[in-house]
Amino acid sequence: MGFLGSVRTLPESSTARSNSEPTPKPVPTSLAAHETDPTLAAALFAAWSGDPAVVIASPPGAGKTRLVVHLAEQLQRRAGLRVAIAAQTRTQALDVTNRAAAIGARVALLGSRESRRPLDLDPRAGHLEGVNFLRNWRGIVVATTARWLWTSERDFTADICIVDEAWQMKYADLGGLGPLSAQIVLVGDPGQIAPVVTGDARRWRDWSAGPQRPAPQALLAAYPESVTRLNLRQTWRLGPPTTALIQPAFYPDLPFDSARPPRHIQLGESALPELSLQQVPVMAGPGDPVLAETAAERIRELIDGGVVVDASGQTTPLHPSDVAVITPHVEQASAIAARLADVPGVLIGTANQAQGLEREAVVVIHPLAGYREAPAFGTDLGRLCVALSRHRAHATVLVDADTDAVLRHAQAEAPGNTTLAVQQHVLDTLALS
């Protein structure tokens, strides 16, 4: 039966714990997180009921990491379970560890034998220098998926494994985590960029459960009746205009709305819309310097005169750490970084690098800017979705003046292509914003 063949149930009572494991702390008298979050409560119920696999789909800014850390903390504290958390990057692993420590969880970050404790690791969190320290640790353990794949079941097994940003994980890697735990909870954003596959995956191109596909997508295709499905249905990052754009375009099977209080950027005398489109005459392809120049100038405008206005009317100046530039190509990011070298703190990177991050104001270079055709890279929906969902208050989208014509020509050549239709819908909607 593949990955789900070794499924076992969770311990039914605290007597299943080892005598050396600490007694869980009493439940606080104040409202616990699961009492105000029905999705967290449902995930806890599924885990304690012994469901072999749970997939939790989330829109951008819906509190995925919050759910992950609270779920892990309650499973460890209330049931005394060994909980493993798999993150996709070192930065994500550090963030999850710090956030778990901040809510009082007994948590440790797993490093290598040669690693040292990260300077920005929360002092309340532990740091395990290699798998030899896992045997004596009684708490939550956070590591990257890559590190868990190198951890033998002889050294450590968990009662349950929670995967953060699960749509960034390949199904092959999920299978590799099978010996780590018999139960799995996958939490992530189905609009993210698909996992990077370096090998030849053509033989599985038409297989919905292929090893190269995002882990939750393939797991649901392989075992549709065995997987518990839950959804987060509100975004706390994106306002109504952005939500109205990206939900039908990128999340047709995940209805959600905006729960974010009113918030906008004031630039001089103008209140900026949540989304704005700026056309740029691009003549020399995606690497045209005009794109980098325009993006850098917009960032300087936002920092020099922009303030964040919240629902109460309070204003906060925009600092370099509050803004970002998101590009489709590394070369574009490098060119913009060179032009903003005197403004440290600005996040400048590709959509792949920006996954999971957010800023008050974002400048986006459209993935098709500079192209005179519509390649698969430029029309990838995950890349555009990530770029258009990193802002809390405002996004300026830089688009090639010829992109509309390029898209319309591509649709005429392939009238049934749904990806091109979505791209055109997004561009048309941005033009009206």
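Me: Which strands and helix each supply at least two residues of the lining of the largest cavity?

Reply: Those are strand S16 (323-327), strand S18 (359-365) and helix H13 (381-387). Keep in mind that this is a predicted model.

Me: Okay, and how do I read a cavity? How many of 30 Å³ or more does the structure hold?

Reply: The general idea is that a cavity is a spot where a probe fits but cannot get out. Here, there's one cavity of 30 Å³ or more, and the volume of the largest cavity is about 30 Å³.

Me: Which residues line the largest cavity?

Reply: Going along the chain, you'll find Ile326, Thr327, Pro328, Ala351, Val364, Ile365, Pro367, Arg383 and Ala387. Sort that lining by kind and you get seven nonpolar residues, one polar and one charged.

Me: Arg383 is in that lining. Which ring does its charged end sit over?

Reply: That would be the ring of Phe377, with the charged end of Arg383 3.9 Å from the ring's centre. You can look for a similar arrangement at Arg203, which lies over the face of Trp204, 5.1 Å from the ring centre.

Me: Back to strand S16. Is Val323 buried or exposed?

Reply: For this you need a cut-off: buried means under 20% relative accessible area. Val323, which lies in strand S16, has a relative accessible area of 0%, so it counts as buried.

Me: What does Val323 touch, leaving out residues up to four places away in sequence?

Reply: Its contacts are Ile299, Ile303, Leu318, Val346, Leu347, Arg359 and Ala361. Take Ile303 as an example: Val323 and Ile303 are 20 residues apart in sequence, and their C-alpha atoms are 7.9 Å apart in space.

Me: Now the rings. How many aromatic pairs does the structure hold?

Reply: Two. One of them is Trp148 with Phe156, a stacked pair at 5.6 Å centre to centre, with 20° between the planes. To read that yourself, check the angle: planes under 30 degrees apart count as stacked, and over 60 as edge-to-face.

Me: Are Trp148 and Phe156 buried or exposed?

Reply: Trp148 is buried, since its relative accessible area is 2%. Phe156 counts as buried too, at 2% relative accessibility.

Me: And how do Tyr251 and Phe256 pair up?

Reply: Tyr251 and Phe256 form an edge-to-face pair, 5.5 Å centre to centre, with 85° between the planes. Try the burial cut-off on them as well: Tyr251 comes out buried at 2% relative accessibility, and Phe256 is buried at 9%.

Notes:
Residues numbered from 1 in each chain as written. Predicted model: local features only at pLDDT ≥ 70, side-chain atom pairs only at ≥ 80, totals over all residues. Heavy atoms only, no water. 1 Å grid on protein atoms, 1.4 Å probe; cavity = no way out; pocket = protein on both sides within 12 Å on 5 of 7 lines; lining within 4 Å. Points joined across faces, edges and corners; volume = space filled by probe spheres on them. Helix = DSSP H or I, 4+ residues; strand = E, 2+ residues; numbered from the N terminus. Nonpolar A, V, L, I, M, F, W, Y, C, P; charged D, E, K, R; others polar. Buried < 20%, exposed > 50% of the residue type's maximum accessible area, 1.4 Å probe, protein only. Contact = heavy atoms within 4.5 Å. Phe/Tyr/Trp six-rings, centres within 6.5 Å; stacked < 30°, edge-to-face > 60°. Lys NZ or Arg CZ within 6 Å of the ring centre and 35° of its normal.
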